[in-house]
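Here are my notes on the model you sent. They are set out as numbered points, starting with a question about one residue.

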Amino acid sequence: MSAVTARSAAPTVGFTLLLGLIMAIGPLSIDLYLPAFPGIARELEASDGQVQYTLSVYLLGLALGQAAYGPLADKYGRKLPLLAGLLLYVAAALLCAFAPSVGTLTLFRGLQALGGAAGAVITSSVVRDRYEGKAAASLFSTLMLVTGVAPAIAPSLGTWLLTLMPWRMLFVVLASFAALSLLMAALWLPETLPRAQRAGVRLRDTAGVYLSLLRNRPFLSYSLASGFTFGALFAYISGSPFLFLQQLHVSAGLYAVLFGINSLGITLAAQANRALLRRFEPAQVARWAARAAGIVSALLLGSALLHVLSVPLLSVLFFSLLCCVGMLLPNNAALALSSVQTRVGSAAALNGTIQMTLGGLSGTLVGALGGTPVVIMAVILVCVVGVLMCYAVVRRTR
């Protein structure tokens, strides 16, 4: 990768915070209701696996939604599709609050994801509109600092809110947060895609554009690396409630604290990544982080196979794993998008679709195979090996 040239001046604090607020909708939608899983299962008379599918369906909905928003963002600009998606998210979140069964809750979570997918695509597109290479990787790392607070505090916030209100009100809270983001985006988010760059975009060319991106080997490799990274992350996220709450019998409050501490690993590593990018290229840092993740995931699987799992051991290993994730995600995103020069919205959408598809499949696989410690750790290790294989393909291509 060449050293980066910024397309405009350094991002302002307000601009970064607004993008971070929009991006925070995703992790809040995933993590806020994790402590409510047992309560949802009891009230809706559902199995643990059925409740877990509400998370997997959300991830798959994000994947499908991003595939749709990319071409729309290239055709109609960044702002209008974002506002439409946030409006759909608000409506679907309110429907989740009144779901009479786990089946309808799963359906409404899918609709919620289709709306929330706009935020993931548009924020990535806006960053790429203005920056590339190291500058883009640095801004993605800064956004992870903003959004890293969300998964760190979401389970604790969810646990606290559950002492004040039923689990259904958590979705009202999510709807309110998205409505605030919608208002702020409508007032202050600039349109970063000039009209001249939209003129030649035709929606009927979408399939051809996606096929051309899939033939772009660096883009596809880094997008798959992002997807496998998300797979490892969501194997941990989807399995952690049952691993800690049921297998290790920790309290809901302690689980929220542990989840928050582990999530801070992503935030801290993302900021360390910014410092490393002053001296090294994004691809170098990503390879180092992937190798470290391979060692940690092997230790996790070995601990599960030997039945030596404990709260302190898992806390240290999961924190280390999420530190690696915090370095992999921003660099993979920057490297994938730096390999394309046009139809950036479609590229960001396909990158996000691949991420969420592999993340959703990972979470689904954990649930389908019983969510045992060995299953969770094995899925994590397979995903990390996938990341390393993608990097090997890129190096051979070059």
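1. Leaving aside neighbours within four places in sequence, which residues is Ser-362 in contact with? This is a predicted model, and in it the contacts of Ser-362 are Gly-231, Phe-234, Ala-235, Val-379 and Cys-383. Ser-362 itself belongs to helix α14, residues 344-368. Its relative accessibility is 4%, so Ser-362 counts as buried; the cut-off for that label is under 20%.

2. The burial of Ser-362 can be set beside that of its helix. Of the 25 residues of α14, 19 are buried, so the helix is largely enclosed by the rest of the structure. From first C-alpha to last, α14 reaches 35 Å, close to the 36 Å expected at 1.5 Å a residue. Just after the helix, Gly-370 has a positive phi of about 105°.

3. On the nonpolar interior: the largest nonpolar core has 129 residues. Ile-237, Phe-318, Met-377 and Ile-380 are the residues with the most contacts inside it. Helix α13 supplies the largest share of this core, 15 residues. Met-377 touches Phe-318, and its other partners include Leu-243, Leu-300, Leu-301 and Ala-304, with residues up to four places away in sequence not counted.

4. Phe-318 also matters for the aromatic pairs, of which the structure holds 9. In one of them, the ring centres of Tyr-236 and Phe-318 are 4.7 Å apart and the planes stand at 50°, so the pair is tilted. It links distant parts of the chain: Tyr-236 is in helix α10 (residues 217-247) and Phe-318 in helix α13 (residues 311-338), 82 residues apart. Both Tyr-236 and Phe-318 are buried.

5. A further aromatic group deserves a look. Tyr-33, Phe-37, Trp-167 and Phe-171 form one cluster. Arg-109 lies over the face of Tyr-33, at 4.4 Å from the ring centre.

6. Last, helix α4 (residues 79-97). Its 19 residues reach 28 Å from first C-alpha to last, close to the 27 Å expected at 1.5 Å a residue. Among the buried residues of α4 are Pro-81, Leu-82, Gly-85, Leu-86, Tyr-89 and Val-90. What covers the buried residues of this helix includes α1 (13-31), α3 (48-76), α5 (102-130) and α7 (168-188).

Conventions: Residues numbered from 1 in each chain as written. Predicted model: local features only at pLDDT ≥ 70, side-chain atom pairs only at ≥ 80, totals over all residues. Heavy atoms only, no water. Helix = DSSP H or I, 4+ residues; strand = E, 2+ residues; numbered from the N terminus. Buried < 20%, exposed > 50% of the residue type's maximum accessible area, 1.4 Å probe, protein only. Contact = heavy atoms within 4.5 Å. Phe/Tyr/Trp six-rings, centres within 6.5 Å; stacked < 30°, edge-to-face > 60°. Lys NZ or Arg CZ within 6 Å of the ring centre and 35° of its normal. Core = buried A, V, L, I, M, F, W, Y, C linked by side-chain atoms within 4.5 Å. Expected span 1.5 Å × (residues − 1).
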